[in-house]
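Here's a quick briefing to read alongside the structure. Keep the 3D view open and find each piece as it comes up.

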Amino acid sequence: MDNVRFGIVGVGGMGSGHASTLPHIPEAELTAVCDISPEALAAATEAYGVPGFDNHIDLLDSGLVDAIIVATPHYFHPPIAVDAMERGIHVISEKPMAVTVAGAEAMIKTAERTGVVFSVMFQLRALPVNQAAKRLIEEGRLGKIYRTLLTDCHFRSQAYYNSAGWRATWKGEGGGVLLNQAPHGMDIFTWLAGMPSRVIANVSTRQHVIEVEDEASALLEYENGAIGYFLETVNEYPTGIRIELCGELGKLVLEGGQLHFWEVKPGVRAASDETTEMWGRPEAEEVEIELEERQTGHAAIIRNVVCAILHQEPLISPGPEAIRSLELANAILLSGHKNKPVTLPVDRAEYNAFIEAKKATSKDKDVEDQRITDPQHLT
Ligand SMILES: NC(=O)c1ccc[n+]([C@@H]2O[C@H](COP(=O)([O-])OP(=O)(O)OC[C@H]3O[C@@H](n4cnc5c(N)ncnc54)[C@H](O)[C@@H]3O)[C@@H](O)[C@H]2O)c1
């Protein structure tokens with residue numbers, strides 16, 4: 001195989017964005033599209049000049065694709081991905097990979113059994129600052145981490161929530177900010193900081209007329225005794241992610257696309273134990289971190305998957321790692337709704353029952369679906 005032939009399932013806002021990105025990726029081509037909406041499908045076949053299918057099975061069985069990008073609303077990611085994997089077709093799933101951890105596990109198990117390449121669209125992983133932060137942690141430069149923080153602030157208008165029937169409903173989306181805007185920040189946070197073992201959360205709907213949460217905060221507890229503070233919201237402007245990781249040997253801050261790292265000598269605890277001076281303190285020196293030049297954005301993840309299929313390149317965002325942000329999202333939602341601490345891994349049966357109960361209360365929204373790509377995702 002010299003070229004990877006891609007099908008896109010779900011050619012709404014994000015799927016159309018990926019269709020515009022594919023022509024810029026060497027060794028990749030768009031060969032088919034699929035959408036259950038006749039209007040969206042007709043617009044896509046005309047825009048991209050490729051065959052269209054009104055259901056994903058016909059696309060998968062067409063012989064036209066080696067890989068698919070799943071860009072439907074979240075609930076459809078697992079069944080469509082699994083159907084593709086069972087046919088030996090490689091998969092890039094949009095985030096979140098699933099609504100429930102049980103759904104995510106089905107995808108991971110099928111990918112392992114069938115041996116297909118499976119990646120999730122966490123494009124922030126490709127950013128040089130995030131890659132450099134990961135290297136610092138892997139090199140042990142922070143030492144034991146004793147405190148973490150994620151504040152991930154977004155803005156979404158009521159018009160955004162009114163733009164499609166599936167958005168911000170339990171049956172259409174299975175959650176709010178935690179399932180839609182938060183996965184990117186939560187992926188970077190859990191990739192760098194690891195997973196907490198227990199969460200105590202508060203979830204609320206503050207500024208929007210929607211069924212699900214537009215804000216979530218939590219206290220995180222880690223196995224090694226570390227604690228973390230967590231906030232995800234769509235109610236703030238200006239927006240942005242801040243991650244702080246405080247370790248015995250160093251402190252790392254990611255904010256506004258910048259990475260700061262301070263080396264602490266001889267270490268926070270060591271300085272406390274060793275100094276005999278009342279106002280003694282450790283030394284902290286900010287270290288300049290070299291950043292590599294690399295491709296970023298959705299194109300980086302798609303290009304990486306192409307290279308994984310053709311040349312066995314390691315994945316930037318492997319499917320099995322994508323379950324971590326979802327595990328944390330499920331735990332925080334459950335804890336917030338029960339008003340009780342929740343231990344991780346989340347009890348799969350309990351979470352499934354929680355979501356099914358929420359779906360049963362979910363109401364249809366009488367809105368006209370719009371499929372407009374977020375301008376920041378236009379190539
Ligand atoms: N990685 C990112 O930066 C990013 C950005 C935006 C959205 N997303 C993700 O992309 C997904 C889609 O979001 P969107 O904003 O494009 O939504 P959208 O509503 O604009 O588009 C979804 C499309 O999927 C189609 N669809 C629904 N069910 C289908 C099915 N079973 N088979 C085929 N097509 C189906 C709809 O008709 C629609 O055209 C979501 O999971 C979202 O979280 C990711």
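Let's start at a turn: β12 and β13 form a hairpin with two residues between them, and one residue in that turn, Gly256, has a positive phi of about 55 degrees. Bear in mind that this is a predicted model. From that hairpin we can work outwards to the sheet around it, then go to the other sheet, the ligand and a few odd spots in the backbone.

**Around the hairpin**

- Strand β12 (residues 250-255) and strand β13 (residues 258-265) run antiparallel, joined by six bridges.
- To spot one matching pair, look at Glu255, which sits opposite Gln258 in β13.
- On the other side of the story, β12 also pairs with strand β11 (residues 235-247), again in the antiparallel sense, over five bridges.
- Here Cys246 has Lys251 in β12 as its bridge partner.
- β11 and β12 are linked by a hairpin too, through two residues.

**The nine-stranded sheet**

- These strands belong to an open sheet of nine strands with mixed pairing, in the order β14-β13-β12-β11-β7-β10-β9-β8-β15.
- At its edges are β14 (283-286) and β15 (342-343), each of which pairs on one side only.
- Further along, strand β9 (residues 215-221) and strand β10 (residues 227-233) run antiparallel, with seven bridges joining them.
- Within that pairing, Glu215 has Thr233 in β10 as its bridge partner.
- Helix α6 (residues 128-138) lies across β12 and β13, and runs at about 20 degrees to β13.
- Helix α11 packs on the sheet as well, touching β8 (198-204), β9 and β15, and its direction makes about 65 degrees with that of β8.

**The six-stranded sheet**

- There's also an open sheet of six strands, ordered β3-β2-β1-β4-β5-β6, with parallel pairing.
- Its edge strands are β3 (52-53) and β6 (118-120), and each pairs on one side only.
- Helix α4 (residues 77-86) packs on this sheet and touches β1, β4 and β5 (90-93), with its direction at about 165 degrees to that of β5.
- Is strand β1 (residues 4-9) largely enclosed or not? Five of its six residues are buried, so the rest of the structure largely encloses this strand.
- β1 pairs in the parallel sense with strand β2 (residues 28-34) over six bridges, and Arg5 stands opposite Glu29 in β2.
- β1 also pairs in the parallel sense with strand β4 (residues 67-70), this time over four bridges, and Gly7 has Ile68 in β4 as its bridge partner.
- Together, β1, α1 and β2 make up a right-handed β-α-β unit.

**The ligand**

- How many residues surround the ligand? There are 26, and the closest are Gly10, Gly12, Gly13, Met14 and Glu94.
- Helix α1 (residues 13-21) gives the most to this shell, with three residues.
- Sorted by class, the shell has 11 nonpolar, 10 polar and five charged residues.

**Odd spots in the backbone**

- The peptide bond from Tyr237 to Pro238 is cis, with omega near -5 degrees, and Pro238 has its place in strand β11.
- Another cis peptide bond joins Leu344 and Pro345, where omega is about -5 degrees. Pro345 is in the loop between β15 and α12 (348-361).
- Glu27 has a positive phi, near 65 degrees, in a residue other than glycine. You'll find Glu27 in the loop between α1 and β2.
- Glu27 counts as partly exposed because it has 14 C-beta neighbours inside 10 Å.
- Gln312 isn't a glycine either, yet its phi is positive at about 55 degrees. Gln312 lies in the loop between α10 (297-311) and α11.
- Why does Gln312 count as exposed? Because it has 8 C-beta neighbours inside 10 Å, and the cut-off for exposed is 12 or fewer.

**One last residue to find**

- Lys338 is in helix α11 (residues 323-338).
- Lys338 is exposed, with 12 other C-beta atoms within 10 Å.
- The C-alpha atoms of Lys338 and Ala67 are separated by 40 Å, and these two residues are 271 residues apart along the chain.

Key. Residues are numbered from 1 along each chain as its sequence is written. This is a predicted model: local features need pLDDT of at least 70, side-chain atom pairs count only at pLDDT 80 or more; totals for chains, interfaces and linings use all residues. A residue is near a molecule or strand if its C-beta atom, placed from the backbone, lies within 6 Å of it. Ala, Val, Leu, Ile, Met, Phe, Trp, Tyr, Cys and Pro count as nonpolar, Asp, Glu, Lys and Arg as charged, and the others, Gly among them, as polar. A residue is buried if 20 or more other C-beta atoms lie within 10 Å of its own, exposed if 12 or fewer, and partly exposed in between; C-beta atoms are placed from the backbone. Two strands pair if DSSP finds at least two bridges between them. A crossover is right-handed if, with the strands pointing away from the viewer, the path from the first strand over the helix to the second runs clockwise. Two residues are in contact if their C-beta atoms, placed from the backbone, lie within 7 Å. Axes are lines fitted to C-alpha atoms, for helices over the stretch in contact, and angles run from 0 to 180 degrees between N-to-C directions.
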